[in-house]
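Please look over the sequence and the model below. The paragraphs that follow go through the structure part by part, from single residues to helices, pockets and cavities.

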Amino acid sequence: MGRSRNRKGDSSSRHESILSEASKLKQQAERKSNGPERVPLLEKCTQLFQNALQFPLSLRDKEEALFDLGEAFLLWSSAVRKGPCLGNQSAFKGNIKKHHAIQLQIQLSLYAANLCRQSVEAYRKISSMEGGELKQESRINCANALCDWGEIVCEIPSNKGGGTGLAADLYAQADNIYTEALVSDPADVELLTNLGDCCIKRAELSFTSLNPDQTSINNIWTSGREFYERAFSAYANASSRSDIRLGDDIAGLLQNWGAGLLSLAEHSIDIVESAEAFKHAEEKLRNAANFSQTDTSVRIALGELFSAQADRFSHTTDYQPQVLNLLEKSINEGYGAALQIDATNLDALMGLGEVCLTAAKHSLRSGEKERAKESSLKSLE
C-alpha cells in the first residue's frame with residue numbers, strides 16, 4: 001500500500017497553479033471506483049506535475065511534486081491493469097479473437113510496467129535530493145512500486161521484456177529498500193507487512209530461477225526457505241506491534257500471513273511440514289475472516305487453501321480419505337461462503353466451478369457415482 005499526502009495552500013504563481021490543478025485531478029481520480037475511468041484524469045495530472053517540475057521550484061515544492069507524481073504513476077498503472085483501457089494509445093473494442101486478446105494483454109502489462117518504472121524514478125529522485133521531509137515515505141513507496149512492477153513482469157514473456165528473472169531482481173531491490181527503511185522505523189506495521197509479502201514473492205521466484213536439471217531438490221528448497229523464514233518473522237513482528245485502535249489493518253496482515261503459509265505448504269518438499277503449514281494458514285485466514293462478515297476475498301482465500309490442500313494430498317495414500325472432505329470445505333466454507341456475500345463475484349464463481357469438477361472426478365474414483373453426479377451438476381449452476 002502506498003503512503004499518500006494532500007497538497008496544501010494555493011498561489012497565483014504559474015507553477016503553483018499547475019501543481020494545484022494536478023492535485024485536484026489526482027484527487028478526482030482517487031474518488032473514481034472504476035479503474036478505466038481514472039486513466040484520463042491520471043494521464044493529465046502526471047503531465048501537469050511533469051510540467052511544474054520544469055520550473056525552478058523550492059525544495060519543498062519539488063519534493064512534494066515528485067512524491068505526488070510517483071503516486072499518480074502507480075495509481076495509473078493499477079487503473080490500466082483493471083482495464084480494458086490503454087489511455088489514448090489503444091483500446092479494447094468489439095469482439096477480439098483469443099490470440100489478439102493475448103497480445104493485447106501483453107501490451108497492457110507492458111504499459112502498466114512502464115508506469116511503475118516511472119513511479120520508481122520519481123521516488124528515487126527524492127532520495128537523491130539533499131534535505132527534504134519525505135525521504136522515508138518515498139523510499140517505502142518506491143519499494144511498493146518495485147513490487148507492483150515485479151508482479152506485472154511475471155505476466156510478460158521474457159522475450160517481450162518481462163519474465164521471472166527480471167521480477168526476481170525487482171523484488172530484491174524492494175527487499176533492500178524495505179530493510180533499510182525499517183532501520184529508521186522498526187515498529188512500522190505496514191512496512192513489516194510489505195516486507196513479508198515481498199519475501200514470499202522472492203521465495204516463490206527462487207524456485208523458478210534455478211535449473212532443476214543442474215540443482216538438487218534440497219538445494220532448490222534451501223534457497224527459498226530463507227525467504228519464507230524472513231517473511232514469517234516480519235509478519236509475526238507486525239502482529240505483535242499492531243493495534244486496531246491505531247487503524248492497523250490486522251485482517252489484511254492475517255490474510256497475507258495465511259497466503260504466505262499456503263505458499264510454503266505448496267512448495268515444501270516435506271509432506272509433514274506441508275500439512276502443518278496448511279493448518280496454520282487456515283488458522284490465520286479464519287482469524288482474518290472474523291474481522292469482517294462481508295469480506296469475500298478472505299473466503300475465496302479459504303477456498304483456494306482447501307483446494308490446494310486437496311491437490312497436494314491427492315497423490316498421497318495416507319491423506320487420500322481427506323481429499324473429498326477438503327474439496328467440500330473449499331465449496332461450502334470458501335467459494336460458496338463468498339457467493340453468499342456476493343453472488344456475482346467472478347473469482348468465487350470460477351473457483352467453485354473448478355472445485356466442483358475436481359470433486360466429481362475424485363468421487364468417481366472412489367465409486368461414489370451419486371456424489372460425483374451432484375458435484376458435476378453443481379459446477380454447471
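**A walk through the predicted model**

T46 sits in helix α2. The model is a predicted one, and T46 is a convenient place to enter it. Is T46 buried or exposed? With a relative accessible area of 2%, T46 is buried, because the cut-off for that class is under 20%. A polar atom of the T46 side chain lies 2.9 Å from the backbone oxygen of E43. C45 is also buried, since its relative accessibility is 0%.

From here it helps to step back to the overall build. How many helices and strands does the protein have? There are 14 helices and 0 strands. Read from the N terminus, the order of elements is therefore α-α-α-α-α-α-α-α-α-α-α-α-α-α. Of the 381 residues, 49% count as buried. The count of disulfides comes to 0. Another cysteine, C356, has a relative accessible area of 0% and is therefore buried.

Helix α3 covers residues 59-81, 23 residues in total. From its first C-alpha to its last, α3 reaches 33 Å, close to the 33 Å expected at 1.5 Å a residue. Most of α3 is covered, with 18 of its 23 residues buried.

Helices α2 and α3 come together in the lining of a cavity: each supplies at least two residues to the second largest one. How many cavities of 30 Å³ or more does a search of the whole structure find? The search finds 2. The second largest cavity holds about 30 Å³ of space. Its lining consists of K32, S33, G35, R38, L75, S78, A79 and K82. The largest share of that lining comes from α3, which gives 3 residues. By class, the lining of the second largest cavity has 2 nonpolar, 3 polar and 3 charged residues.

Moving along the chain, helix α4 spans residues 98-128 and contains S109. S109 has a relative accessible area of 4%, so S109 counts as buried. What joins the side chains of S109 and E155? The two side chains are joined by a polar contact of 3.4 Å.

Next comes helix α8, residues 217-241, where R230 is found. The relative accessible area of R230 is 27%, so this residue is partly exposed. That value falls between the cut-offs, because buried means under 20% and exposed means over 50%. R230 and C198 are 32 residues apart along the chain, and their C-alpha atoms are separated by 9.9 Å.

Helix α9 runs over residues 250-267 and has 18 residues. Its end C-alpha atoms are 26 Å apart, which agrees with the 26 Å that 18 residues should span at 1.5 Å a residue. Like α3, which is mostly covered, α9 is mostly covered, with 14 of its 18 residues buried.

The last stretch to visit holds a pocket. The second largest pocket has a volume of about 270 Å³. Which elements give two or more residues to its lining? They are α11 (296-313), α12 (320-341) and α13 (346-365). In total, 17 residues line the second largest pocket, and those nearest its centre are S307, A308, E354, V355 and T358. The most is given by α13, with 8 residues. Sorted by class, the lining of the second largest pocket has 6 nonpolar, 6 polar and 5 charged residues.

Two of the helices named for this pocket, α12 and α13, are connected by a loop, and T344 lies in that loop. Is T344 buried or exposed? T344 has a relative accessible area of 63%, so it is exposed. The side chain of T344 nevertheless has a partner: it makes a polar contact of 2.8 Å with the side chain of D342.

The three residues with side-chain partners can now be set next to each other. T46 is buried at 2%, and S109 is buried at 4%, whereas T344 is exposed at 63%. The partner atom for T46 is the backbone oxygen of E43. For S109 the contact is with the side chain of E155, and for T344 it is with the side chain of D342.

Technical notes. Residues are numbered from 1 along each chain as its sequence is written. This is a predicted model: local features need pLDDT of at least 70, side-chain atom pairs count only at pLDDT 80 or more; totals for chains, interfaces and linings use all residues. Side-chain values use heavy atoms; hydrogens and water are left out. Helices (H or I, at least four residues) and strands (E, at least two) are DSSP runs, numbered from the N terminus. The expected span of a helix is 1.5 Å times one less than its number of residues. Buried means under 20% relative accessible area, exposed over 50%, partly exposed in between (1.4 Å probe, protein chains only). A disulfide is a pair of cysteine sulfur atoms within 2.5 Å. On a 1 Å grid over the protein atoms alone, a cavity is a set of points where a 1.4 Å probe fits but cannot get out, and a pocket is an open set with protein on both sides within 12 Å along at least five of seven lines; lining residues have an atom within 4 Å of a point. Grid points are joined across faces, edges and corners, and a volume is the space filled by probe spheres set on the points. Ala, Val, Leu, Ile, Met, Phe, Trp, Tyr, Cys and Pro count as nonpolar, Asp, Glu, Lys and Arg as charged, and the others, Gly among them, as polar. A polar contact is a pair of N or O atoms within 3.5 Å; within protein, one must be able to donate a hydrogen and the other to accept it, and residues adjacent in sequence count only if both atoms are side-chain atoms.
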